[in-house]
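Here are my notes after going through the model, in the order I would raise them at the bench. Have the viewer open while you read.

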Amino acid sequence: MKNVLVINAGSSSLKYQLIDMDDESVIAKGLVERIGIEHSMIKHKPTGKDSVQIEKPIGDHVKAMAYVIDALIDKEHGVIEDLSSIKAVGHRMVHGGEKFSSSVLIDEEVMEAVKENIEIAPLHNPANIMGIEACRKIMPDVPMVAVFDTAFHAKMPREAYLYGLPYDAYTKYKIRRYGFHGTSHSYVSKKAAQILGKDVKDLKIITCHLGNGSSIAAVKGGVSVDTTMGFTPLEGLVMGTRSGDIDAAIVPYLMNKMGMNVDETIAYLNKKCGVLGLSGVSSDFRDLWDAANAGNERAKTALDVFCYKIKKYIGAYAAAMGGVDVITFAGGIGENDGPVRALACEGLEFLGVKIDTEFNHPLRGRQAVISTPDSKVVVMIVPTDEELVIARDTCELVLCG
Ligand code: ADP
């Protein structure tokens with residue numbers, strides 16, 4: 001058995017999946033929540049067995065990792081005999097900067113470089129690093145791989161990644177578009193081509209990853225040539241709680257008006273905006289539809305703003321690629337929310353996009369073509385699997401390569 005443990009560490013959470021790479025099946029998965037906060041807990045789901053949920057104090061990521069291992073080897077709800085069954089660990093890293101354009105085996109040099117990127121990714125990389133360090137403490141001899149959200153976008157052309165700032169801002173301070181959700185955009189674009197029986201090299205695909213964080217990528221011939229997230233994951237679409245694109249002059253204006261310092265402003269733009277801020281209801285689309293259907297105008301407006309922005313970028317990326325063959329929807333919203341998919345594609349008939357509205361509406365969480373047979377552009381739901389991409393890269397670098 002070639003078991004790969006996939007770790008996605010956030011500041012107070014740690015998601016894991018143990019995947020058997022012989023057949024790419026998930027053996028167990030789970031989540032440690034509220035690390036370092038009261039009521040921390042581990043939710044563990046062994047495949048084919050009941051899930052377990054244990055609440056106990058979990059002060060840091062090392063403890064969290066130790067409990068993950070305990071859960072995996074537990075006599076009752078465990079799935080492996082001992083630690084030696086884990087052959088490699090793949091870590092999700094949010095920001096690889098310009099240094100990492102593909103996944104890498106983690107060594108001291110990589111750790112140094114990853115730490116250097118903390119400056120440009122202060123909200124994400126420190127948590128990812130804590131996850132790696134916790135694993136290295138508990139499994140010092142197991143090879144580990146870092147898989148970067150930014151890597152798939154590393155081949156974007158200059159005109160797509162440069163901002164209209166003095167060139168020094170790029171050369172001195174590394175300010176450019178990096179793009180995120182790369183593992184998802186990469187997986188979905190390849191999978192869509194595979195489902196259609198075509199070579200990804202022959203396709204222009206617009207991949208819409210719509211979850212708590214949302215982004216769109218223009219994938220031409222298998223290469224990401226533009227994407228909506230930028231220097232950080234704050235740019236682009238309106239998201240659950242993030243503002244997406246705004247006029248930069250709004251930032252100092254808001255700071256003055258609301259008396260916020262830099263950290264407070266960053267927290268505001270990341271956590272209080274998006275559809276949550278617009279609606280005043282929730283960042284969850286199920287709540288938004290419930291409220292909108294009950295007559296809440298702001299919830300309806302938030303949904304309209306969210307979908308309009310998607311449509312606008314689909315148009316922009318069709319222009320960027322000189323056409324579009326396929327549009328895909330993935331992520332918690334993209335896979336489950338038929339009305340959002342329909343609204344985002346409404347009015348795109350001029351591009352050759354025709355949705356089968358009745359078929360699309362109730363579809364949840366499964367792969368399907370939702371465009372009509374005579375639609376020039378194929379519109380599809382392609383459930384994403386970021387953990388599998390991380391496990392595949394890890395396997396390729398340390399086990400199968
Ligand atoms: P993350 O970016 O955290 O990985 P997900 O991709 O899991 O997020 O997406 C989470 C979001 O998906 C939720 O906030 C919710 O808005 C949306 N979602 C999940 N299930 C449904 C559903 N059945 N209908 C509409 N939206 C849903």
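1. Start with the contact between the two domains, keeping in mind that this is a predicted model. Exactly one residue pair is in polar contact between domain 1 and domain 2, with both residues at pLDDT 80 or more. On the side of domain 1 that touches domain 2, the residues split into two nonpolar and two polar, with no charged ones. As for salt bridges between domain 1 and domain 2, the count is zero.

2. For orientation, the domain assignment of the protein chain puts domain 1 at 3-148 and domain 2 at 198-386. Taken over C-alpha atoms, the centres of domain 1 and domain 2 are 28 Å apart.

3. How many residues of each domain are in contact? Four from domain 1 meet six from domain 2. Together, domain 1 and domain 2 bury about 400 Å² between them, and 60% of that is on carbon and sulfur atoms. If you want names to click on, try Ile120, Leu123 and His124: they supply 68% of the area that domain 1 buries against domain 2, more than any other three residues.

4. On to the cysteines. Searching the whole structure turns up zero disulfides. Cysteine 208 is in none, and its nearest cysteine sulfur, the one in cysteine 345, lies 7.2 Å away.

5. Why does cysteine 345 not form a bond with the closest cysteine sulfur? Because that sulfur, in cysteine 208, is 7.2 Å from the sulfur of cysteine 345, which is too far; a disulfide would need the two sulfur atoms within 2.5 Å.

6. Are these two cysteines buried or exposed? Cysteine 208 is buried, at a relative accessible area of 2%. Cysteine 345 is buried too, with a relative accessible area of 2%.

Definitions and conventions:
Residues numbered from 1 in each chain as written. Predicted model: local features only at pLDDT ≥ 70, side-chain atom pairs only at ≥ 80, totals over all residues. Heavy atoms only, no water. Domains from an automatic or database assignment. Contact = heavy atoms within 4.5 Å. Buried area = accessible area lost by both parts, 1.4 Å probe. Salt bridge = Lys/Arg side-chain N within 4 Å of Asp/Glu carboxyl O. Polar contact = N/O pair within 3.5 Å; in protein donor to acceptor, adjacent residues only side chain to side chain. Nonpolar A, V, L, I, M, F, W, Y, C, P; charged D, E, K, R; others polar. Buried < 20%, exposed > 50% of the residue type's maximum accessible area, 1.4 Å probe, protein only.
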